[in-house]
Each structure stands twice: as structure tokens, then as C-alpha cells.
Amino acid sequence: MKIKRSSWSLPYFIFLLLFVALPLVLIAVYALQDSSGRFTLDNISRFFSDADALSTFALSLEVAIENTLICLALGYPAAWILANRKYNSSAVTIILFILPMWINALMRTLATAELFNMLGVTLGKGTLLFGMAYDYLPFMVYPIYNILKKIDPSYAEAAEDLGATPLKVFLKVTLPLSAPGIISGVMMVFMPTVSTFAISEFLTNSKIKLFGTIIQENINSSMWNYGAALSLIMLVIIGITTLFDNKSSSAAQEGVI
């Protein structure tokens with residue numbers, strides 16, 4: 001009996017159904033119900049009238065934007081050096097960026113917090129941004145690196161032949177061509193930063209509370225419906241951001257072709 005090639009996708013379909021689709025459906029169901037199981041939109045509307053949740057969400061956006069800018073400022077030059085054969089010809093340098101990702105993110109965060117404690121550094125927003133940049137920097141470097149690596153060197157050479165300075169070559173050629181990588185890196189750093197909670201707890205001694213912490217507190221307090229509503233709001237925001245990412249990447253690619 002010949003097995004169809006499409007049959008091999010069945011285990012993946014079952015996995016996605018049980019561990020991706022079903023949890024999302026459960027979140028939506030709990031978010032749109034009250035404690036008695038009746039349909040309601042009160043959980044959603046409560047978020048917009050909850051001053052604590054709104055201020056925490058605003059702070060999460062602020063921290064996410066700052067962390068994304070830090071990662072971009074550090075990650076783009078690193079990616080450019082890694083992709084430029086003139087400055088880097090060894091795969092060892094690239095592996096060094098991968099090595100921290102081999103260790104669990106929670107263990108890296110705990111080690112970073114302990115390092116600050118040993119040095120007597122007061123935990124706060126500065127240590128939080130340091131830890132987040134340390135954890136998420138590779139997610140900024142590699143999308144940009146992959147794009148820069150694929151850029152045909154002849155573009156820069158042609159610009160130089162036409163009299164462009166190195167700065168103009170970078171601004172007019174390299175930067176626009178690397179825009180899809182920048183957009184992907186920004187999204188890969190921004191989205192998990194908004195929803196994180198463990199990093200802020202360990203690196204600030206719970207002094208700074210982010211949106212993920214609010215969700216965790218509600219779930220731990222058995223307020224499943226409101227916690228699910230907050231999770232649903234976060235999922236919608238992430239979904240909209242992902243759509244924006246796809247459209248921006250397509251526009252950037254079309255603009256440089």
C-alpha cells in the first residue's frame with residue numbers, strides 16, 4: 001500500500017491543533033465569558049477602564065521601544081561586521097553570537113541578576129534594559145546579518161564607481177537593501193519584550209511590572225476570565241503587528257528592487 005506524501009503532515013497537523021489552535025480557542029472562550037460561563041464583553045471593556053493595567057501596558061510599550069532601539073543600535077553594526085568579509089572571515093565570531101542562545105533564557109536572566117548583585121548594582125530599569133538587550137540582541141543581529149549577507153557586492157561597487165563616498169554607499173545602497181532584515185529584527189525583539197514577565201521580575205526585584213506580569217497575577221489568582229481577556233488583547237496586538245511587519249517587509253523589498 002502506497003502512503004501519500006500528504007499523510008506525513010498528519011502528526012504536525014495534530015500537534016498544531018492540540019498545542020496551538022486549541023489553547024488559542026480556550027483563551028478566546030474564557031475571555032468572552034464571566035465566572036458563571038455566560039457570554040460577556042465585560043472582561044475586554046474592563047481593561048480599558050483599569051488604570052493599573054493601562055499604565056502597565058504603556059510602560060511595557062515604553063520598555064519594548066527602548067529595548068528595540070538599543071538592540072538595533074548594537075545589532076546593526078555587529079551584523080554589518082559579521083557580513084563584511086573585509087572585517088570578518090571566521091565562522092567562530094558568528095558562533096560566539098549563537099552560544100548564549102544555547103543556554104536557557106531563564107538561566108541567563110538569573111545569572112545576570114546575580115552578577116548585578118555581586119557588583120552591588122541597584123536593580124531597576126537600567127538593569128532591566130541591560131538584561132533584555134542581552135537576551136534579545138541575537139534576534140536583531142541574525143535577520144539583519146542574513147539580509148546583508150545576500151546583498152550583491154556589485155551594487156556597492158557600482159555606487160563607488162559612480163563617485164559615491166562610503167557613507168553615501170551605506171545610506172543609499174546598503175541601508176535600503178537591508179530594510180527587510182531591520183523590520184524583521186525589530187518585530188522579533190519588540191513583540192516578546194512587550195509580553196515578557198520573568199525578566200522584569202528577576203532584574204528589578206519585581207519593582208517594575210510589565211504587561212506579562214499582570215496576566216500572570218490574574219491567572220495565579222484564579223481570575224481566569226480577565227487574565228484570558230488580557231492575553232487575547234495581547235494576541236490581537238501581536239497579530240496586528242505581524243501583519244504590519246509582513247506589509248512593511250514586502251514594501252521594503254519592492255522599493256529596493
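**Exercise 1. Among contacts in the protein between residues at least 6 apart in sequence, what percentage join residues at least 24 apart?**

Solution. The model is predicted: local features need pLDDT of at least 70, side-chain atom pairs count only at pLDDT 80 or more, and totals for chains, interfaces and linings use all residues. Residues are numbered from 1 along each chain as its sequence is written, and side-chain values use heavy atoms, with hydrogens and water left out.

Step 1. A contact means heavy atoms within 4.5 Å.
Step 2. Of the contacts between residues at least 6 apart in sequence, 73% join residues at least 24 apart.

**Exercise 2. State how many helices and strands the protein has.**

Solution.
Step 1. Helices (H or I, at least four residues) and strands (E, at least two) are DSSP runs, numbered from the N terminus.
Step 2. The protein has 12 helices and 0 strands.

**Exercise 3. Describe the surroundings of N225.**

Solution.
Step 1. N225 belongs to helix α12, residues 224-256.
Step 2. Buried means under 20% relative accessible area, exposed over 50%, and partly exposed in between (1.4 Å probe, protein chains only). With a relative accessible area of 13%, N225 is buried.
Step 3. Apart from neighbours within four places in sequence, N225 has contacts with Y30, A31, Q33, D34, S35 and N43.
Step 4. At 2.9 Å, the side chain of N225 reaches the backbone oxygen of Y30.

**Exercise 4. Describe the largest pocket and its lining.**

Solution.
Step 1. On a 1 Å grid over the protein atoms alone, a pocket is an open set of points with protein on both sides within 12 Å along at least five of seven lines, whereas a cavity is a set where a 1.4 Å probe fits but cannot get out; lining residues have an atom within 4 Å of a point. Grid points are joined across faces, edges and corners, and a volume is the space filled by probe spheres set on the points.
Step 2. The volume of the largest pocket is about 730 Å³. It is lined by 20 residues, of which W80, N84, P153, A156 and T174 are the closest to its centre.
Step 3. At least two lining residues come from each of α3 (51-83), α6 (125-150), α7 (153-161) and α8 (166-177).

**Exercise 5. Which residues line the largest cavity?**

Solution.
Step 1. The largest cavity holds about 30 Å³ of space.
Step 2. Its lining consists of F190, M191, V194, M234, I237, I238 and T241.
Step 3. Helix α12 gives the largest share of this lining, 4 residues.

Definitions and conventions:
Polar contact = N/O pair within 3.5 Å; in protein donor to acceptor, adjacent residues only side chain to side chain.
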